[in-house]
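Q: I am new to this structure and would like a close look at a single part of it. Please pick one residue, walk me through its surroundings, and then move outward to the rest.

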Amino acid sequence: MAFLQGEERALYLSMDPRDRAHGVRVARRLLKSYPEAPAFAIRAALLHDAGKALRPYRPLERILTGLYALPVPPYPLRKGFFGAFQVRRHHPLYAAERIQDPQVRALVLEHHRPQSLWGKRLHQADQEE
């Protein structure tokens with residue numbers, strides 16, 4: 001938590017404890033593999049799934065949306081299962097929209113489709129779980 005300040009800390013605290021724990025594990029893996037990792041990459045690791053906080057954590061919903069990805073638009077954000085598929089598909093966007101630091105925002109946005117070096121490293125650390 002010491003890495004996070006202001007709106008990033010509030011965003012982290014809005015996440016379900018299971019998603020926060022996942023973010024900590026990803027950050028630790030990133031640091032273990034790359035001890036020289038810049039602070040923005042560690043902050044992105046902690047926040048990469050923050051967009052999922054738009055919906056309550058429902059295990060069955062998470063499993064279902066993880067098994068099949070519907071091609072749904074990000075907006076308008078709906079309720080019910082359609083909204084669950086939206087959050088699953090677009091959670092990087094929803095999180096990035098709430099992060100002010102451009103480096104953290106960029107990594108969070110690309111964590112499923114990495115473009116940059118640190119995006120690729122974050123993606124790798126996230127996939128190891």
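A: Let's start with Glu61, which counts as buried because its relative accessibility is 12% (buried means under 20% relative accessible area, exposed over 50%, and partly exposed in between, with a 1.4 Å probe and protein chains only). A word on the source: this is a predicted model, in which local features need pLDDT of at least 70 and side-chain atom pairs count only at pLDDT 80 or more, while totals for chains, interfaces and linings use all residues. Residues are numbered from 1 along each chain as its sequence is written, and side-chain values use heavy atoms, leaving out hydrogens and water.

Glu61 belongs to helix 4, residues 59-67 (helices are DSSP runs of H or I with at least four residues, strands are runs of E with at least two, and both are numbered from the N terminus). Setting aside neighbours within four places in sequence, Glu61 has contacts with Arg55, Pro56, Phe81 and Ala84, where contact means heavy atoms within 4.5 Å.

Now step back to the loop between helix 3 and helix 4, where you will find Gly51. Gly51 is buried too, with a relative accessible area of 2%. Its contacts, again without neighbours within four places in sequence, are Val87, His91, Tyr94 and Ala95. From Gly51 to Phe82 there are 31 residues in sequence and 16 Å in space, C-alpha to C-alpha.

Next comes the largest nonpolar core, which has 25 residues (such a core is a set of buried Ala, Val, Leu, Ile, Met, Phe, Trp, Tyr and Cys residues joined through side-chain atoms within 4.5 Å). Leu30, Leu47, Val104, Leu107, Val108 and Trp118 touch the most other members. At least two residues of this core come from each of helix 1 (6-14), helix 2 (17-33), helix 3 (39-47), helix 6 (102-109) and helix 7 (117-127). Helix 3 gives the largest share, seven residues. Beyond residues up to four places away in sequence, Trp118 touches Leu30 and Leu107, among others including Tyr34, Pro38 and Phe40.

Finally, the whole chain: it has seven helices and zero strands. Its radius of gyration is 14 Å, close to the 14 Å that the globule rule gives for 129 residues, so the chain is as compact as a globular protein of that length (the radius is taken over C-alpha atoms, and the rule is 2.2 Å times the number of residues to the power 0.38). Along its principal axes, the C-alpha trace spans about 40 × 30 × 25 Å. Of the 129 residues, 43% count as buried.
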